[in-house]
Amino acid sequence: MKGTHLEALLYGRVFNFSAGPGTLPVEVLEEAREDLLNYKGCGMSVMEMSHRGKDYEAIHYETINSLRQILSVPEDWGVLFLQGGASLQNAMVPMNLGIEGKTPNYIDTGTWGHKSIGDAKKLGPLHIAWTSEPTNFDRAPADDEPSFTDDASYIYFTSNETIQGVDYLRDPDWGCDVPVVCDMSSNILSRPMALNRYDVIFAGAQKNQGPAGVATVLLSPRAIEIAKTKDLPLMLSWAEALKADSIHNTPPCWAIYICGLYYKWVMKEGGLTEMASRAEKRSSLIYDVIDGSEGFYVGHAQKGSRSQMNISFRAKDEELDKKFIQEAEANGMTTLAGHRSVGGMRASMYNAFPISGAQALADFMKDFMQRNG
Ligand SMILES: *Cc1c(COP(=O)(O)O)cnc(C)c1O
């Protein structure tokens, strides 16, 4: 069964709770379909045109400018579109920002932070300034909890841990005058933010801004200065990418084009304030059911760190989790199984996820509890 919402009736679409790649706006998909065979009369698709021709160049720079506009990125910051996903940045960060004789400081709040630490460690020693591993990654630290080294080259954190559903829900102020790096893959563009707290922000596009195949990287002037001193292979160098506006080799043109459509959609819908309001509405619908369930449902993250993008929760026992996921699927709500490391369920609801989908899940959760409580 596909449900009765408009997208279901028109296109047979389900409510897709996937953690990534995630739901895209239907308007974006419709526009891409419109342009698929013949982009605006130029006789070919975006996938087929030269990345050095004027049609693609227009798309490319418009996409960069839209992202700059949405996030109010200052002129002297760099905006890159790179391949290798968010994961390649795990290596590119220490390569481009590390400083001989200084120590990278990492905050470890979940699976993604952990992976990044694993990659950075292969490139040099680092310091773990804070970890929630002993409590199974159930919260983000307060600003004064991590203990940084005096010789920190940079501070690294993950603003939203996609698997555990743990979010800072703020722009942390670490109170140190060193570059701050943030993996914002799963909550970028979901709320307004204070860019001046950061020096490097990176994000795989496939959660909150487009399809897989491209990662966005924002660089502050001081991050650019450090990166310029590095002599790195072409594809591993932020400075090389910056010099060529990310056309230092064939960029993922199609993915960038879809991001461009997505950014325009975000602006048309009301920008980051509106995205934040929708995220609040969607996630409250689900957290309210969890909190009112008298223990039938249990959330993974502590209350002050609850993600508005990824809600990890479980039912009273594992048998019920399985039944929940199966029945939800039969009701047009897919991909609700939690990551194998956390178990239970995970509802991922990014920018483009409709509020009606969150309502449908909340209603289903209540009904399921009544039948199995
Ligand atoms: C999904 C995700 C990644 C990995 O992204 P890839 O583009 O697949 O490399 C990294 N960090 C976070 C926080 C994520 O959610």
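## S348 and its polar contact

The side chain of S348 makes a polar contact with the side chain of N310, at 2.9 Å. This comes from a predicted model. S348 sits in strand 14. Is S348 buried or exposed? Its relative accessibility is 1%. Buried means under 20%, so S348 counts as buried.

S348 also touches a set of residues beyond its sequence neighbours, leaving out those up to four places away. They are N16, F17, S18, A19, M309, N310 and F353. N310 therefore appears both as a contact of S348 and as its side-chain polar partner, as the 4.5 Å limit for contact and the 3.5 Å limit for a polar contact allow.

## The three-stranded sheet

Strand 14 belongs to an open sheet of three strands. The order is 11-12-14, and the pairing is antiparallel. Strand 11 (297–299) and strand 14 (345–348) stand at the edges. Each has a single partner strand, so one side of each is left without a neighbour in the sheet. Neighbouring strands here are turned by 30 degrees against each other on average, direction ignored.

Strand 12 (residues 310–315) and strand 14 are joined by four bridges and run antiparallel. Within this pair, I311 stands opposite A347 of strand 14. Helix 9 packs on the sheet and touches strand 11 and strand 12. The direction of helix 9 makes about 20 degrees with that of strand 12.

## A276 in helix 9

Helix 9 spans residues 271–291 and holds A276. Which residues does A276 contact, leaving aside its neighbours within four places in sequence? They are S190, R191, P192 and Q308.

A276 can also be placed relative to T131. The two are 145 residues apart in sequence. In space they are 27 Å apart, C-alpha to C-alpha.

## The seven-stranded sheet

A second open sheet has seven strands. Their order is 2-10-9-8-5-3-4, with mixed pairing. Strand 2 and strand 4 (127–131) are the edge strands, and each pairs on one side only. Neighbouring strands are turned by 15 degrees against each other on average, direction ignored.

Strand 3 (residues 103–108) and strand 5 (residues 152–158) run parallel, joined by three bridges. Y106 stands opposite Y156 of strand 5. Two helices lie across parts of this sheet. Helix 3 (residues 54–71) crosses strand 2 and strand 10, running at about 125 degrees to strand 2. Helix 5 (residues 111–121) lies across strand 3, strand 4, strand 5 and strand 8 (180–183). Helix 5 runs at about 155 degrees to strand 3.

## Strand 9 and its partners

How many residues of strand 9 are buried? Five of its five are, and the strand is mostly covered. V200, F202 and G204 point one way, while I201 and A203 point the other way. The residues on both sides are buried.

Strand 9 pairs with strand 8 and with strand 10. Three bridges join strand 8 to strand 9, and these two run parallel. Strand 9 and strand 10 pair in the antiparallel sense over five bridges. F202 takes part in both pairings: F202 is the bridge partner of D183 and stands opposite V217 in strand 10.

## Helix 6

Helix 6 covers residues 221–228. Its buried residues are A223, I224, I226 and A227. Seen down the helix axis, they fall within an arc of 165 degrees, so they line one face of the helix.

What do these buried residues pack against? Strand 9 (200–204) and strand 10 (215–219) are among the partners, as is strand 2 (78–82). Helix 4 (85–97) and helix 7 (238–243) complete the list.

## The ligand site

The residues around the ligand include G85, A86, S87, W112, T158 and N160. T162, D183, S185, S186, Q206 and K207 are also around the ligand. D183 thus borders the ligand and is also the bridge partner of F202 in strand 9.

Three short distances involve oxygen atoms of the ligand. A backbone N or O atom of A86 lies 2.9 Å from a ligand oxygen. An N or O atom in the side chain of Q206 is 2.9 Å from an oxygen atom of the ligand. For K207, a polar side-chain atom lies 2.7 Å from a ligand oxygen.

Technical notes: Residues numbered from 1 in each chain as written. Predicted model: local features only at pLDDT ≥ 70, side-chain atom pairs only at ≥ 80, totals over all residues. Heavy atoms only, no water. Buried < 20%, exposed > 50% of the residue type's maximum accessible area, 1.4 Å probe, protein only. Arc of directions from axis to C-beta. Pairing = 2+ DSSP bridges. Axes fitted to C-alpha atoms, helices over the stretch in contact; angles between N-to-C directions. Near = heavy atom within 4 Å. Polar contact = N/O pair within 3.5 Å; in protein donor to acceptor, adjacent residues only side chain to side chain.
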